[in-house]
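Let's take a friendly walk through this model, from its cysteines to its sheets and its aromatic rings. Have the structure open as you read.

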Amino acid sequence: NSAINVYAGKFAGQAPCGQITSGIAGPEGIFVRVATHDLYVANDSARDILVFHRGQTIPYNTYTDPTVQDPFDVTVARDGTVIASNLIQPNGNENGSVSTWIGGPNGGTFVGNFPMTNDSEGLFLTVQKGGKVFFTDIDASSGQGLLWSMKCPAGACGPQTQAAGVSFVFPFGMGSDDTEDLLVNDLNPAGGGTADTFELPNPTPKTFPLVGVPVGMAINPLDHHWFVADAMSNNAAEYSYPGGALIGTVPGNTGGDPVGMAVDPGHALE
């Protein structure tokens, strides 16, 4: 529906308290930078990244990659660098990649586009406090979901390193908890999936089960709840973390296909 629903409080069948549609076209991953409460939207069909002030429904900034990409997810580093993962390049000349900008008004300053390693498509990403960027992709050779990391100081991304021993059936949303453990939704094509918590370099995650088709995820650092956009059930779900108990759900829009999820914890934590 090219819409972002906004909720306040716990998911327990509540109705949205707001909705964002201005400029939205095929949104994928979404992200809230807690230092500013700004919402960033990977606006796939429009090939751009939109930014909204908290409480506003009209974007105040737009980031675009001049190489023209299909943005799939977006995050912001502590230094203000805007980092987006791209599913593919629409003209077919490139598969998954990462685009970066120095954050600022009027679209900031584009730094570069960095192809992912041996992939067929790029997926979600997250950046941790120390500046390490993690992203997932589908490996072109094995068809498996793989995990990679790199550093992108001031948007200049360096070498990409594959996380040893880590693979997924199909990785979706990513995030980090307050101890910088890596969090990933891993989809099971037969239905459902797992919420994976990695303490790298240990390649074996702690898990709890997720229902439906768990795409986007976000963690609330205040109450440690894990939120999931469920594309199969057309709803969004809230789970306790790390326990994994289902707290509640809210329905999606009629005919919807929920993909992205973001949490604004209410005050700056950085």
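## Cysteines

A residue counts as buried when its relative accessible area is under 20%, and as exposed when that value is over 50%, with partly exposed in between. Keep in mind that this is a predicted model. With that scale in hand, Cys-152 is buried, because its relative accessibility is 6%. Cys-157 falls on the buried side too, at 12%. Cys-17, in contrast, has 57% relative accessibility and therefore counts as exposed.

What joins Cys-152 to Cys-157? A disulfide does, with 2.1 Å from S to S. The link of Cys-152 and Cys-157 is right-handed, with 105° about the S-S bond. The structure holds one disulfide.

## Nonpolar cores

Now for the interior. The largest nonpolar core is made of 18 residues, and Phe-124, Leu-147, Met-174 and Leu-182 have the most contacts inside it. Several strands contribute: at least two residues of this core come from each of strand S11 (119-127), strand S12 (132-139), strand S14 (161-168), strand S15 (171-176) and strand S16 (182-187). Another core lies apart from it, with 14 residues that include Ala-77, Val-127, Phe-135 and Met-150.

Phe-124 deserves a second look. Its relative accessible area is 3%, so Phe-124 is buried. Leaving aside residues up to four places away in sequence, Phe-124 touches a set of residues including Gly-29, Phe-72, Asp-73, Ser-85, Phe-134, Met-174 and Val-215.

## Two open sheets

Which order do the strands take in the sheet that holds S11? This open sheet of four strands runs S11-S12-S13-S14, with antiparallel pairing. S11 and S14 are the edge strands, each pairing on one side only. On average, neighbouring strands of this sheet are turned by 25° against each other, direction ignored. Within the sheet, S12 pairs with strand S13 (residues 145-151) in the antiparallel sense over seven bridges. Val-133 has Met-150 in S13 as its bridge partner, and Met-150 also belongs to the core of 14 residues.

Another open sheet of four strands has the order S19-S20-S21-S22, and here too the pairing is antiparallel. Its edges are strand S19 (214-220) and strand S22 (246-251), each of which pairs on one side only. From one strand to the next, the twist averages 20°. Five bridges connect S19 with strand S20 (residues 225-230) in the antiparallel sense, and Met-217 stands opposite Val-228 in S20.

## Aromatic pairs

How many aromatic pairs does the structure hold? There are 11 aromatic pairs. One of them brings together Trp-101 and Phe-110, an edge-to-face pair with 6.0 Å centre to centre and 65° between the planes. Trp-101 is buried at 2% relative accessibility, whereas Phe-110, at 27%, is partly exposed.

Phe-124 returns here as a partner of Phe-172: the ring centres are 6.3 Å apart and the planes stand at 90°, so this pair is edge-to-face. The pair links distant parts of the chain, with Phe-124 in strand S11 and Phe-172 in strand S15, 48 residues apart. Phe-172 has a relative accessible area of 12% and is therefore buried. Phe-124 and Phe-172 also belong to one aromatic cluster with Phe-72 and Phe-170.

How values were computed: Residues numbered from 1 in each chain as written. Predicted model: local features only at pLDDT ≥ 70, side-chain atom pairs only at ≥ 80, totals over all residues. Heavy atoms only, no water. Disulfide = S-S within 2.5 Å. Buried < 20%, exposed > 50% of the residue type's maximum accessible area, 1.4 Å probe, protein only. Core = buried A, V, L, I, M, F, W, Y, C linked by side-chain atoms within 4.5 Å. Contact = heavy atoms within 4.5 Å. Pairing = 2+ DSSP bridges. Axes fitted to C-alpha atoms, helices over the stretch in contact; angles between N-to-C directions. Phe/Tyr/Trp six-rings, centres within 6.5 Å; stacked < 30°, edge-to-face > 60°.
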